[in-house]
There are 2 protein chains.
Amino acid sequence: MNFTIDREVLLENLNVISRGLPAKSPMPILTGIKMEVTASDLYMTSSNSDISVETFISDASLQIDSPGKTVVPGRFFIDIIRKINSKKVSLSLVDDKILLIKADRGEYKLHIMDPLDYPNIDFVTLENPLELPAECIKTLIKQTSFATAQSEKKPILTGVHLSLNENKLNVTATDSFRLSQTVLEIENYRPFNITIPNKSLDELARAMDNYNENVSLYFSVNKLLVKFKNVLFQTRLLDGNYPDTSRIIPPSFPIRLKFNKDELLDAVERVSLLSPREKMTASELSYSIIKLTVTEERNVILSTTNASVGDAQEELLPIDTQMNGPIMIGFSSRYLVEALRSFDSVEITLNCSEGIRPFVLTGEKEPNLTQLILPVRMD
Amino acid sequence: MNFTIDREVLLENLNVISRGLPAKSPMPILTGIKMEVTASDLYMTSSNSDISVETFISDASLQIDSPGKTVVPGRFFIDIIRKINSKKVSLSLVDDKILLIKADRGEYKLHIMDPLDYPNIDFVTLENPLELPAECIKTLIKQTSFATAQSEKKPILTGVHLSLNENKLNVTATDSFRLSQTVLEIENYRPFNITIPNKSLDELARAMDNYNENVSLYFSVNKLLVKFKNVLFQTRLLDGNYPDTSRIIPPSFPIRLKFNKDELLDAVERVSLLSPREKMTASELSYSIIKLTVTEERNVILSTTNASVGDAQEELLPIDTQMNGPIMIGFSSRYLVEALRSFDSVEITLNCSEGIRPFVLTGEKEPNLTQLILPVRMD
């Protein structure tokens, strides 16, 4: 194996490959990147317990002297290519023991691993793709992934659920305290029901960072393969039945308050500076409870009380108020902040009821996106 | 106590005050900021075991309705003022129990502490200042503080030593593996010998971040007071005798290699990607050993060998070479990187000898700065 390639091209592909590279692995070979050079192309593969990534390069800058296969120490290889300044790098195998990397006046020798030890990655067959714009997938991930469960208590909730039925793709995430849901029109594709691990989606969003064209999705029973430009990105799916969330969103709300999103975000962040921090469990982030009050006189107030430090309150000026009575609800400020940040809309509406019935955020620019939050009991 | 002030002015002062605020303290009152409002001015004070800071504000935007004193929870107060968007904030005491902060439509109430419990801070008398430009002090800190010891094994080495004698101010830092030294001409000031804790210097550099005019230094037996604009910044000094470092820097070097600094830095950082990491002690950072070789043919090579991963080498092209024989020395790449970064010079010279005699870096733009590194034995 012996070839030369533009460093920029190699690095761009390694950045995608790094998405599938485990930091540690019970199988040491998986900390390596598999490289395979054919007569005309370079293939690279990485894989961990959730994700496998393959890129194939047939770039004009790729000059192959001899084909071959190897597995190189992943992190070291990426770090070196990242730190190099040269325009070109040349890579060659020495005695089938060492990968020699030459760049300008630098020479790097990495001990390689046996490509025969690298497990065979079974990619889903490239048939019957569902085509979607990359932007659309990145938006779905941004709108839902944050609301998945972080703890493994109910493993199925650590994933984002996608269900296609009657030309509607429902995308749902919940950690049982809040729920994100967005709906997409999809024509001419067979129904499916899958749950994708949240980490895989976060890595997919990063892998597609600079890519804005069409993406093809291929489904198997337990895997999803995403193909874009020269990349195959495959993730395992989560086993088990996703809970039925269709009846969680209340059909109507007695109170609707419309706000400028940024003003509301600022006020929530300020008030929550003083809200008492509680740890739910070791795996959950600390969260803090704030209170929303709407008085008979239509004054809207966010507030919090912290016995050891003090109180905070901000009066909000809604752009529009529809109500038929006063309310007082308490909820996690983090949930509200994260829900608000998932919107691109400038104006968002808080749809709520008295007591501990869930409330829902909607945005004027994103009619298909619903963010639901379960209040907590305030005594 | 009741006054109004521009938020920007208050925040700028709180950013300086935060330099003296401990995260935790065996004396809970010290986690507070002492505020004192006179008929015309606002004073704020913070203090921890090393540093005390006082700022006094008589800004045009300060409107005092009634004077008073209090101690407010430091972190919470700073966080709130930081997050507020309003142009003005008003602060008042309610029943001598609560500080009420009003800003636009927000109201924040903080439980206060008794100002009588706040310890009296003994600032050094404002007599006989040594005047220096702020830029000069920030440069001294940048050039030396990084080379102090991080561990408390020899407490005196955790400080930067300043000694004024015969119109020369010697500024020295060493962790016994490397040494930074810079010399400054100072006219008409009495001799002194002090060692300043590294953390105090780092905080001082941050406190002076946006300040570039003259600074006054006042000395007492065990304290240094730095006065700039409306700020008093005082630090304790370290007890004990600083070791005599005057004979550590070798008087001459058989080999001098001049490099472009950035090229050398890049090469060191690349080669050290593969150098074996070793932990010295829990309190020291991990460091890695690289090797510099100059051959008879005047080839200059940086290299490293890592039994488990591989080898790296970079050939360097010195701008100028003076030598009378080949050498091979090994040293910590981190020490070389940090020493190089302390220079503003574009070209730096490596002055070295064979074996384990210390080598020295000098820069064409900074004739008074010397960075010395002790090589390690290479077997």
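## The sheet in chain A

Eight strands of chain A line up in the order 6-2-3-4-17-16-15-10 as an open sheet with antiparallel pairing. Strands here are DSSP runs of E, at least two residues, and helices are runs of H or I, at least four residues, both numbered from the N terminus; two strands pair if DSSP finds at least two bridges between them. The edges go to strand 6 (68-73) and strand 10 (130-133) of chain A, each of which pairs on one side only. On average, neighbouring strands of this sheet are turned by 20° against each other, direction ignored. Angles like this come from lines fitted to C-alpha atoms (for helices, over the stretch in contact) and run from 0 to 180 degrees between N-to-C directions.

This is a predicted model, where local features need pLDDT of at least 70, side-chain atom pairs count only at pLDDT 80 or more, and totals for chains, interfaces and linings use all residues. As for labels, residues are numbered from 1 along each chain as its sequence is written, while chains are lettered from A and ligands numbered from 1 in the order in which they are written.

## Helices on the sheet

At one edge, strand 2 (residues 32-37) of chain A runs antiparallel to strand 6 of chain A, joined by six bridges. There, A:Gly32 sits opposite A:Pro73 of strand 6. Helix 2 of chain A packs on the sheet, touching strand 2, strand 3 (42-47) and strand 6 of chain A, and its direction makes about 90° with that of strand 6. Contact means that the C-beta atoms of two residues, placed from the backbone, lie within 7 Å.

Helix 4 (residues 198-207) of chain A lies across strand 4 (51-57), strand 16 (223-228) and strand 17 (231-236) of chain A, at about 170° to strand 17.

## Helix against helix

Helix 1 (residues 7-17) of chain A also packs with helix 2 (residues 74-83) of chain A, at about 140° with the axes 10 Å apart. That angle makes helix 1 of chain A oblique to helix 2 of chain A (under 35 degrees would be roughly parallel, over 145 roughly antiparallel, 65 to 115 roughly perpendicular, and the rest is oblique).

Which residues of helix 1 of chain A meet helix 2 of chain A? They are A:Arg7, A:Leu10, A:Leu11 and A:Leu14, set against A:Ile78, A:Ile81 and A:Arg82. By class, this contact has five nonpolar, no polar and two charged residues (Ala, Val, Leu, Ile, Met, Phe, Trp, Tyr, Cys and Pro are nonpolar; Asp, Glu, Lys and Arg are charged; the others, Gly among them, are polar).

## Where the chains meet

Chain A and chain B each give 27 residues to the contact. On the chain A side, helix 2, strand 9 (106-111), helix 5 (261-271) and strand 22 (310-316) supply two or more residues each. That side splits into eleven nonpolar, five polar and eleven charged residues.

Strand pairing crosses between the chains too: strand 9 of chain A and strand 22 (residues 310-316) of chain B are antiparallel over five bridges, with A:Tyr108 opposite B:Ala312. Over in strand 9 (residues 106-111) of chain B, B:Leu110 is buried because 23 other C-beta atoms lie within 10 Å (20 or more is buried, 12 or fewer exposed, in between partly exposed, with C-beta atoms placed from the backbone). Its contacts include A:Val309 and A:Gly310, along with B:Phe76 and B:Ile98.

## A hairpin in chain B

Strand 16 (residues 223-228) and strand 17 of chain B pair antiparallel over six bridges, with B:Lys223 partnered by B:Arg236. Two residues separate these strands in a hairpin, and B:Lys229 in the turn has a positive phi of about 30°.

Conventions: Lists of a residue's contacts leave out its neighbours within four places in sequence.
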